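Reader: I am in my first year and still learning to read structures, so could you take me slowly through a single part of this one? I would like to look closely at the sheet.

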Amino acid sequence: MGPRRDQDFFWEGIDRGELLAQQCDGCGTLRHPPAPRCAACGSDEWHAQPLSGEGTLLAFIESNHPTRRDDEPRCVCLVDLPEGLRMVSSLLDPENAEDGATVRFEIAEYDGQMLPLVRTTGGSQ
Amino acid sequence: MSARAGQTAITGIGQTAYTKDSGRTVMSQCVEASAKAIADAGLERGDIDGLVSFTMDTNSDHDLQTALALPMVRWTAKAPFGGEGAYATFQLAAAAIESGQANNVLIFRAFNERSESRFGQPTYNAGSMRDFHKSLGLVTPGQVYAMWHKPFLDARGMTSEDLGELVVQMRAWAATNPDAWFYGRPITLEDHQRSRWIVKPVLRLYDFCQETDGGVAFVVSRLDTARASGRPVVRVLGVQQAWPLGESMMYNYYKKNLVFPEDTVHVANALWEQTGLSPAEIDVSTIYDNFSPSIPISYEGYGLCKPGEVRDAIRAGELGPGGSTPVNTNGGLIGEAYLHGLNNATECVRQMRGTSPNQIEGAKVALCAGRQCGMVLVRE
């Protein structure tokens, strides 16, 4: 078994059905993507904090796989979380893609892997 | 901290043919370009005592030294990553020369980027370990960049048609550059808009740079050596890098304001401070254009127009032939070749020597611009 990676907790959470982020034990700052040290206070101590699973769509693009031409295109997006983080995700209902739309994370399978995907819950505010 | 104006000059440039299938090893192209640069500088192999490239370059310093029979190398350094750090190589060369640790530094970059190791091909497949980008569908560089280009383009009200207007200008330059892949092949806006979507709604086929096999090299020398040579002096008046916390070369999604190119603005301000020049004094520029949206982002970042006015500049044709701010007169990475950005630096040198195929009359100051590094050259 290799070294434990900073991001392993995130995928273990996904496999349990939880959306998590690192939260610093020193100052409470949340961070994503994962990193070994808090950039705000320098603490190496942290715990995995469950997130609300809510978000707002900041931008989206259509992603076609470059060599698997028959694959359905994916709608890759940037999602702003109310906790102040930003995540890259992909939309389960691309027909509703609209900048500013509210979304909710759904842990769903793509290509045999469980991933944090999003579905819209409402139009732009 | 302010740096004094540079005490080095680019004395030699060399390049191989730019092809799609070289049929040769990468090292053989590296050697050819390097030997041409040394000869172009009027130097002998014994004069070269420094070697600089990128961390992404695969040519070993030792193999290159052996092939060129350089008797003694006293300085080696690698700029971070690849293209976005391309012009940082000149800062590393200057650091060695200005501190007396080398006299003539060879900068090199060669690859079979089209026929062997294409960046545009995915390195990710269904069996790969999950991550925060590739797993979610950002598999190729075009997708990775387009994801953060989009908020900038939206903020500027720019559409694919505006990028098309820009690419038409880049291809017009390439059409009259015999070294360019698209030599003799200008396009119209209609051609651009008919080219297929690769990353909808940002990048069409013609918004991409040209994956290329080839090599390019430079010799950077002491300014007094260059002045004594009797050849045109192309002085590196300023060269800077900036990597502000929060910016990321590829996955640039996590900074608060996705529209403001903080890294580029830092590079630009440091260059103006170092050189005592201002954007208005730039006669000709090259801008690192792996994808067409990189041009408007950097054009604004370097102050070649006011923030928010780049769309108007593009629409007015200001970047193309006859424009007031000529950009990528070689055709750039989109029109000439993708030598990881360094072929845009050779064009700046040619402009300062007066030998560009698209020479800007009387040009004496050139800006060689990248996102996280940039360089100002002057013809003495």
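Author: What follows is a careful look at the sheet of chain B, and then at the side of chain B that touches chain A. The model is a predicted one, in which local features need pLDDT of at least 70 and side-chain atom pairs count only at pLDDT 80 or more, while totals for chains, interfaces and linings use all residues. Residues are numbered from 1 along each chain as its sequence is written, and chains are lettered from A in the order in which they are written.

In chain B, nine strands (DSSP runs of E, at least two residues, numbered from the N terminus) form an open sheet with mixed pairing, in the order E3-E2-E4-E7-E1-E8-E11-E10-E9. Two strands pair if DSSP finds at least two bridges between them, and the edge strands of chain B, E3 (75-79) and E9 (284-287), each pair on one side only. From one strand to the next, the twist averages 25°, the angle being taken between N-to-C directions, from 0 to 180 degrees, of lines fitted to C-alpha atoms.

Within this sheet, strand E1 (residues 8-15) of chain B runs antiparallel to strand E8 (residues 234-241) of chain B, and the two are joined over two bridges. One bridge partner in E8(B) is B:Val236, which is matched with B:Thr8.

Turning to the neighbouring chain, 23 residues of chain B are in contact with 21 residues of chain A, where contact requires C-beta atoms, placed from the backbone, to lie within 7 Å. Helix H4 (residues 141-155) of chain B, a DSSP run of H or I of at least four residues, supplies the largest share of that side of chain B, five residues.

How values were computed
Two residues are in contact if their C-beta atoms, placed from the backbone, lie within 7 Å.
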